[in-house]
Amino acid sequence: MRLGSRTRVSVLASLGFAWVLVAGVFAQGDPQVGVWHLNVAKSKYTTTPSPKSGTTRIEAAGAGTRVVVDQEVSDRSKRHWEFTATYDGKDSPVKGNNPDADTDARKRADANTIETVSKNSGKVTTTHTSTVWADGKTRTVRTTGVNASGQKANNVAVYERQ
């Protein structure tokens with residue numbers, strides 16, 4: 001069966017619209033979405049200053065997520081940063097005082113795992129692998145690389161859903 005050019009365009013437009021809907025629904029069903037509180041006692045940090053407390057709020061935003069991070073670090077200073085990114089691996093600007101990144105790029109590894117590559121002035125600093133456990137109540141973020149202070153990072157942060 002041959003389709004006319006007008007019919008082909010209509011079919012392609014419908015498929016494109018369907019993909020946008022599916023991507024949006026997938027982001028809304030993303031297990032990463034929620035408010036996550038850092039459990040410092042269960043976490044392990046090799047870099048300083050390490051967080052004394054932290055909350056990460058992840059919200060569905062179109063085909064991706066908006067991530068808002070608030071921390072108090074061991075020297076009592078506060079950090080706040082946020083970014084909105086899709087899972088296409090492209091750099092998205094970071095707003096706020098993240099000492100290790102001015103952009104983040106995200107990709108989905110599987111249904112429960114997101115990989116975020118942080119860069120500062122175009123140079124990769126750290127990679128974060130965020131995995132939501134099967135119970136849906138716990139999330140771990142493994143951070144590797146070298147932070148902006150030149151410290152080698154091999155951190156595991158454990159978060160609990162609020």
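In this predicted model, an open sheet of 11 strands is laid out in the order β5-β7-β8-β9-β10-β11-β1-β2-β3-β4-β6, and the pairing is antiparallel. The edge strands of this sheet are β5 (92–93) and β6 (95–96), each of which pairs on one side only. The secondary structure of the protein chain amounts to 1 helix and 11 strands. Following the sequence from its start, one meets the pattern α-β-β-β-β-β-β-β-β-β-β-β. Of the 162 residues in the protein chain, 35% count as buried. Among contacts with a separation of 6 or more, 30% come from residues 24 or more positions apart.

A few strand pairs show how the sheet is put together. Strand β1 (residues 34–38) and strand β2 (residues 51–61) run antiparallel and are joined by 4 bridges. Within this pair, Val35 has Arg57 of β2 as its bridge partner. On to the next pair: β2 is linked to strand β3 (residues 64–73) by 10 bridges, again in an antiparallel arrangement. Here Gly54 is matched with Gln71 in β3. The hairpin of β2 and β3 has 2 residues between the strands, and Gly62 takes a positive phi near 65° in this hairpin. Elsewhere in the sheet, 8 bridges hold strand β8 (residues 113–120) to strand β9 (residues 123–132), and these two strands also run antiparallel. One position to look for in the structure is Ile114, which stands opposite Ser130 in β9.

The loops also deserve a visit. Lys44 sits in the loop between β1 and β2. Along the chain, Lys44 is 98 residues from Arg142, yet the C-alpha atoms of these two residues are separated by 9.5 Å. Leaving aside residues up to four places away in sequence, Lys44 touches Asn154, Asn155 and Val156. Another loop, between β6 and β7 (103–110), holds Asn98. Asn98 counts as buried because its relative accessibility is 13%, which is under the 20% cut-off. The side chain of Asn98 reaches the backbone nitrogen of Asp100 at 2.8 Å. A polar atom of that side chain of Asn98 also lies 3.3 Å from the backbone nitrogen of Ala101.

Back in the sheet, Thr116 is part of strand β8. With a relative accessible area of 6%, Thr116 is buried. The side chain of Thr116 makes a polar contact with the side chain of Arg106, at 3.0 Å. Not counting residues up to four places away in sequence, the residues touched by Thr116 are Asp104, Ala105, Arg106, Thr126, Thr127 and His128. Between Thr116 and Val141 there are 10.0 Å in space, C-alpha to C-alpha, for a distance of 25 residues in sequence.

A second threonine can be read in a similar way. Thr143 is found in strand β10 (residues 138–146). Thr143 has a relative accessibility of 10% and therefore counts as buried. Its side chain makes a polar contact of 3.0 Å with the side chain of His128. Once residues up to four places away in sequence are set aside, Thr143 touches Thr126, Thr127, His128, Ala153, Asn154 and Asn155. His128 thus links the two threonine descriptions, as a residue touched by Thr116 and also by Thr143.

Thr143 and His128 appear once more in the description of the largest pocket. This pocket has a volume of about 680 Å³. Its lining is made by 36 residues, of which Gln71, Trp81, Asp100, His128 and Thr143 lie nearest the centre of the pocket. The elements giving two or more residues to the lining are β2, β3, β4 (78–86), β7, β8, β9, β10 and β11 (152–161). The largest share, 4 residues, is supplied by β11. Sorted by class, the lining of the largest pocket holds 14 nonpolar, 17 polar and 5 charged residues. Several residues met earlier reappear around the centre of this pocket: Gln71, Asp100, His128 and Thr143 are among those that lie nearest to it. Gln71 was introduced as the partner of Gly54, and Asp100 as the residue whose backbone nitrogen is reached by the side chain of Asn98.

How values were computed
Residues are numbered from 1 along each chain as its sequence is written. This is a predicted model: local features need pLDDT of at least 70, side-chain atom pairs count only at pLDDT 80 or more; totals for chains, interfaces and linings use all residues. Side-chain values use heavy atoms; hydrogens and water are left out. Two strands pair if DSSP finds at least two bridges between them. Buried means under 20% relative accessible area, exposed over 50%, partly exposed in between (1.4 Å probe, protein chains only). A polar contact is a pair of N or O atoms within 3.5 Å; within protein, one must be able to donate a hydrogen and the other to accept it, and residues adjacent in sequence count only if both atoms are side-chain atoms. Contact means heavy atoms within 4.5 Å. On a 1 Å grid over the protein atoms alone, a cavity is a set of points where a 1.4 Å probe fits but cannot get out, and a pocket is an open set with protein on both sides within 12 Å along at least five of seven lines; lining residues have an atom within 4 Å of a point. Grid points are joined across faces, edges and corners, and a volume is the space filled by probe spheres set on the points. Ala, Val, Leu, Ile, Met, Phe, Trp, Tyr, Cys and Pro count as nonpolar, Asp, Glu, Lys and Arg as charged, and the others, Gly among them, as polar.
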